[in-house]
Amino acid sequence: MGFRTICLTSVLALSAGTAMAEMNFNRIASFPVIANMAEGEDRTRESSPEIIDVTEDGMTLVYTDSPLKVIGRIDITTPADPQPLGNIAVGGEPTSVAVIGSTAFVGVNTSESFTSPSGQIKAFDTASGTELAACDLGGQPDSLAKAKDGAFIAVAIENERDEDLNDGMIPQMPAGTLALVDVTEGALDCASLRFVDLTGLAEVAGTDPEPEYVSINAAGEIVVTLQENNHIVVVSRAGEVLNHFSAGAVDLEGIDATDERGALLFTESQSGRKREPDAVAWIDGDHFATANEGDYEGGSRGWTIFHKDGTVVYESGTSFEQAIIQIGHYPDKRSDAKGVEPESVTFDIFDGTPYVFVGAERASVVGVYDVTDPAAPVLKQLLPSGVGPEGYVTVPERNLLVSANESDLIEDGGARAHVMLFELQDGPAHYPHLTSDGLEPLTGWGAISGMVAGDGKTIYAVNDSFYGYQPTIFTIDAAQRPARITQALRITRAGQPAQKLDLEGITLDGAGGFWVASEGRTDRVIPHALYHVNAAGEITEEVGLPAALMAVEQRFGFEGVTKVGDTLWMAVQREWKDDPENHVKLVAYNIETGDWGAVLYEKAAPATGWVGLSEITAHGDHVYVVERDNQHDDRAVTKKIYRIALSEMQPAPLGGELPVVAKEEIRDLIPDLKATGGYVLDKVEGLAITEDGEIFVSTDNDGVDDHSGETMFFSIGGAM
């Protein structure tokens, strides 16, 4: 069976009809930064790649790792197979890095307190790891930028505020500043160090400028964002303030601004939302782009192109966030804060086309914009990054874009931090796999769990309890590339959004409606149950579990439901109280007689964590199940599809000895999950088989909560 990714051939500007020969960025590799730890080091420690650069020859990546107090190095001689080169200790918290030739210049924070900030800029040979020089900065460095000609470095000395003092409001002394230091014949010239006074410029806390990010154009002009001050300053190479102006504010319409309601509702607005830009990047001699992340008062959810005279040339407004919503990456738990939170912005020219790359930290996405006309950027692609993208670097001579993704979820058992590589290729884009683009009104989605096939290439899917106030059946046209959500049917009870559901399975009822399975959780008063839903989304029948099952129930219940004749079969995810070790029940319910029964299924013994079932679907003479562990990335072992002959599915009465069915392995999904250059996602949750036998698989993105937001939806060909 050939793997066929449901890929993006018409990307958001992205309109249908894009020629197959169009150049697109595709991810080709993911590098787990724990691989740079030396043999014997404790790899359970947090590791976090943040700011990243590349040596002049384009062969070695260098990134900051604040928790480990090191800079890490990656050999990308073969970009699709990056190799570890180890870490270099820098003697403090590295905040930024800029590489000139093969020398890494690193901002190192050595502050002991907010009121007595300190730091250095250090130079390291990237090949040997030798420290070459260090200059005392007299304050806490944040961002570094190198001049195009390598002649000097600009350092944003933030002297960051104490967020616990006065609710984080500024001013809080000492003030920040801008430092400039020459690089002479590739070496730091500490004697040339000078400072640019930025006080008295901003309308917001002008006595306490807090420089956040710097960028230098070909003329040596430096643009500095003062994020907390909502201000931007342009400085000459000589250190003269050429211009400064407020970053301004944006009126936002059609956003979700309310947290913790378990629903995606883009009906709210915010007026006068301060941009409070974080990253900034020149795109030519006169224009620069800002990522408007926001701080304690702002965050406009988008990005902006300014002329250096202060004129706004382009404002994305909510368009960037809305494009992210359509591909299922919207972080609902950030709705009351700053939404997708654009934090990084990078510019370069690839094959004659000028691009701006906008990284959305909370959505774990990078937007690729063609800025041939700075007044009218065109969104070409949205690329899946790792969790919490912080920094990017481009290697245009090798057609490479690289992201450093800072979030290491080791404490929560999640994915480790990765550096990801993308290549500009002649061919279709591989992402997104699924989109609601074209569906009105604007429709967000996520946490896709169970699936079932309808007519032709129609797939129906449900979301789980992450969206507890918006249980939904999504209709997916899997014949399109990418697959498209064409309808979102809300599940209701008495006309209101149905509550206390954790939908993990769906099957057709044969009469235009559906049966859905809800995974119960007694401690949250969510029942284990089956629900009959009509074509309008209304629950018409509720079936609770019999006493024989409730007496042995555990938290991890039904994960999938399928219909064979008059019988519904449900896969129980993990062992219940009466199950033998490494065995789970496949539970049967006859919708005509009301009889219950079960068989046992033997699953793999876990190497780490646990192994369970996450889907069941019938096709032909077999029932197919997904068996998976709860492991991510290189720790994943079991992500497989098995099938069981229907002749084996003979339910025995509950409470007695249950027969163990024989299973046959159909597919190891780990190669498929790696096929688009990412790390292995943990939750393979959906499996649907169309009338002609084509098997579709999907993953659950956990509502973009401690997750990259990436949803894979792909075909593995025909059923065997």
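**Cavity, disulfide, strands and pocket**

Colleague: Which strands each supply at least two residues of the lining of the largest cavity?
Modeller: Bear in mind that this is a predicted model. The lining of the largest cavity includes Phe25, Asn26 and Arg27, as well as Gln381, Leu383 and Pro384. The strands that each give at least two lining residues are E2 (23–32) and E28 (378–384).

Colleague: And how much space lies in that largest cavity?
Modeller: Searching the whole structure turns up 4 cavities of 30 Å³ or more. The largest cavity also has His430, Tyr431, His433, Thr676 and Glu710 among its lining residues. Its space comes to about 80 Å³.

Colleague: How do the residues of that lining divide by class?
Modeller: Phe25 and Leu383 are among the residues lining the largest cavity, and so are Arg27 and Glu710. Sorted by class, the lining splits into 4 nonpolar, 5 polar and 2 charged.

Colleague: On to the cysteines. Which two form a disulfide?
Modeller: The cut-off is a sulfur-to-sulfur distance within 2.5 Å. By that rule the count is 1 disulfide. With sulfur atoms 1.9 Å apart, the pair is Cys135 and Cys190.

Colleague: How many residues apart in sequence are the parts that this pair ties together?
Modeller: The link of Cys135 and Cys190 is left-handed, with -85° about the S-S bond. Cys135 sits in strand E10 (residues 131–136) and Cys190 in strand E14 (residues 187–196), so the disulfide ties together parts whose separation in sequence is 55 residues.

Colleague: Is Cys135 buried or exposed?
Modeller: Buried means under 20% relative accessible area. Cys190 has 31% and is partly exposed. Cys135 has 1% relative accessibility, so Cys135 counts as buried.

Colleague: E10 is part of a sheet, then. Which are its edge strands?
Modeller: The open sheet has 4 strands in the order E7-E8-E9-E10, with antiparallel pairing. An edge strand here pairs on one side only. That makes the edge strands E7 (93–100) and E10.

Colleague: Inside that sheet, what is the bridge partner of Val106 in E9?
Modeller: Strand E8 (residues 103–109) and strand E9 (residues 119–125) run antiparallel and are joined by 7 bridges. From one strand of the sheet to the next, the twist averages 20°. In E9, Val106 has as its bridge partner Lys122.

Colleague: How many of the 8 residues of strand E26 are buried?
Modeller: Strand E26 (residues 353–360) pairs antiparallel with strand E25 (residues 342–350) over 8 bridges. E26 also pairs antiparallel with strand E27 (residues 365–370), over 6 bridges. The strand is mostly covered, and its count of buried residues is 7.

Colleague: Which residue takes a positive phi in the hairpin of E26 and E27?
Modeller: In the hairpin of E25 and E26, with 2 residues between the strands, Asp351 takes a positive phi near 50°. The hairpin of E26 and E27 has 4 residues between the strands. Ala360 has its bridge partner in E27, namely Val365. With a phi near 55°, the residue you're after is Ser364.

Colleague: Last one: how many charged residues are in the lining of the largest pocket?
Modeller: About 1,400 Å³ of space lies in the largest pocket. Of its 41 lining residues, Ser465, Arg524, Arg555, Lys683 and Asp702 lie nearest the centre. By class, the lining has 7 nonpolar and 11 polar residues, and the charged ones number 23.

Key: Residues numbered from 1 in each chain as written. Predicted model: local features only at pLDDT ≥ 70, side-chain atom pairs only at ≥ 80, totals over all residues. Heavy atoms only, no water. Buried < 20%, exposed > 50% of the residue type's maximum accessible area, 1.4 Å probe, protein only. Pairing = 2+ DSSP bridges. Axes fitted to C-alpha atoms, helices over the stretch in contact; angles between N-to-C directions. 1 Å grid on protein atoms, 1.4 Å probe; cavity = no way out; pocket = protein on both sides within 12 Å on 5 of 7 lines; lining within 4 Å. Points joined across faces, edges and corners; volume = space filled by probe spheres on them. Nonpolar A, V, L, I, M, F, W, Y, C, P; charged D, E, K, R; others polar.
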